[in-house]
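Okay, thanks for coming, everyone. Let me put today's structure up on the screen.

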Amino acid sequence: LMLQTWLYFDFLTQETKAPIAQKIAEEASDLKEFIDFVLPSYLGLYEILQNDDEATKLKELVTGKKVDLDQELIGSKKGNLIVGRVVNFGGSQIVFGDYGEFPEHTKISVLDMVLNKISIFYSEVLDEKEAYYKFMKNAGPYWFSIIAQEDGEILDPDYYLKFYKYPQKKF
């Protein structure tokens, strides 16, 4: 399901340079409200601050944004990282679709990789949060390949560059 949400809501088609869901919303008015909720979302990298019967709290690692979810992440542990799509749907903050989880001890290496990879966007966007947003919108295939390792190889984090051409800046 994570791959499907990325294809519909993040992957920009060559013809329209817009997500497939945007075209669907134009043609199927009954889905427009739902699509409008999901379109601004992206796969985010979050640390689990709390996950129990009382509350589920996340912190997005790059932006520092804190999120109170209206759902418990069953089996997930405090300190672990998740890659997931958080949406506000009907006043509730939820993780939409599947999410991937990484153990707490991988936090520094995963964060370092993301910060390194978003640097390719600095030539067109100077704001680190905007660069992060663009990277996470585009890097869906990489995250899916990690989460579904048993189904195939892990792709390079730059895999999306096969579809998009961005100016690169070396540091």
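I'll start with the sheet, then go to the cores.

One thing up front: this is a predicted model, where local features need pLDDT of at least 70, side-chain atom pairs count only at pLDDT 80 or more, and totals for chains, interfaces and linings use all residues. Residues are numbered from 1 along each chain as its sequence is written, and side-chain values use heavy atoms, with hydrogens and water left out.

So, how are the strands ordered in the sheet? It's an open sheet of five, running β3-β2-β1-β4-β5 with antiparallel pairing. Strands here are DSSP E runs of at least two residues, helices are H or I runs of at least four, both numbered from the N terminus, and two strands pair if DSSP finds at least two bridges between them. At the edges sit β3 (66-69) and β5 (92-102), each pairing on one side only. Between β2 (residues 56-60) and β3 there are four bridges, and Thr56 has Leu69 as its bridge partner in β3.

Helix α5 packs on this sheet and touches β1, β2 and β4; touching means heavy atoms within 4.5 Å.

Now the cores: sets of buried Ala, Val, Leu, Ile, Met, Phe, Trp, Tyr and Cys joined through side-chain atoms within 4.5 Å, with buried being under 20% relative accessible area (1.4 Å probe, protein chains only). The largest one has 22 residues, and Leu45, Phe135 and Met136 are among those with the most contacts inside it. Which helix gives the most to this core? That's α4, with five residues. Apart from this core lies another, of nine residues, including Ile48 and Val95.

Key. Buried < 20%, exposed > 50% of the residue type's maximum accessible area, 1.4 Å probe, protein only. Axes fitted to C-alpha atoms, helices over the stretch in contact; angles between N-to-C directions.
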